[in-house]
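Reader: Before I plan any work at the bench, I would like to go through this model with you, one question at a time. Could you take me through the reasoning behind each answer?

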Amino acid sequence: MKIIKRSERHTFTDERGLLDVLLEDGATIKNVLYMTGEKDAIRGSHVHAKDTHYCLLVSGSVDYCILNEDKSVTAVTLEEGDIVFTPVGEIHKFVFRQPSIMLALCTESRAQNDYEEDITRIQF
């Protein structure tokens, strides 16, 4: 689990507003998703075979949860502006603590057939 806080990113602020460099590592992004979730909604609960993604919490509050190899769960509460990186093989889900908006920047296609072939659903 890698959380990238806004305070750790390159930002620039002047009288016009904020410029926030979200990704600097040269990731190839093939798809960008706009997601919303209502309180107590769950998204994910799966693992990817090929896709990695960066999820930016635009507004709200979301718990990012991963299922560890020993079957324990690690959860981190994301704050507005946080980015979480999900590598291949990380079993993960998002639990919405309140109505929230996220952007997912994905390295693989999210066409439905491609997506379904890439994931294995795992409830936890």
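Author: Please keep in mind throughout that this is a predicted model. Strand 6, which covers residues 53–59, pairs with strand 9, which covers residues 83–86, in the antiparallel sense over four bridges.

Reader: Which residue in strand 9 stands opposite Y54?

Author: Strand 6 runs over residues 53–59 and is paired with strand 9, residues 83–86. Across this pairing, the residue of strand 9 that stands opposite Y54 is F85.

Reader: In what order do the five strands of the open sheet lie, and which are the edge strands?

Author: The five strands form an open sheet with antiparallel pairing, in the order 1-9-6-11-4. The twist from one strand to the next averages 25°. An edge strand pairs on one side only, and this holds for strand 1 (2–4) and strand 4 (31–37).

Reader: How many disulfides does the structure hold, and why is there no bond between C55 and C106?

Author: A disulfide requires two cysteine sulfur atoms within 2.5 Å. The closest cysteine sulfur to that of C55 belongs to C106, and because it lies 6.6 Å away it is too far for a bond. C65 is likewise in no disulfide, since the nearest cysteine sulfur, that of C55, is 13 Å away. The number of disulfides in the structure is zero.

Reader: Is C65 buried or exposed, and what is its relative accessible area?

Author: Buried means under 20% relative accessible area. C55 is buried, with a value of 2%. C65 also counts as buried, and its relative accessible area is 7%.

Terms used:
Residues are numbered from 1 along each chain as its sequence is written. This is a predicted model: local features need pLDDT of at least 70, side-chain atom pairs count only at pLDDT 80 or more; totals for chains, interfaces and linings use all residues. Side-chain values use heavy atoms; hydrogens and water are left out. Buried means under 20% relative accessible area, exposed over 50%, partly exposed in between (1.4 Å probe, protein chains only). Two strands pair if DSSP finds at least two bridges between them. Helices (H or I, at least four residues) and strands (E, at least two) are DSSP runs, numbered from the N terminus. Axes are lines fitted to C-alpha atoms, for helices over the stretch in contact, and angles run from 0 to 180 degrees between N-to-C directions.
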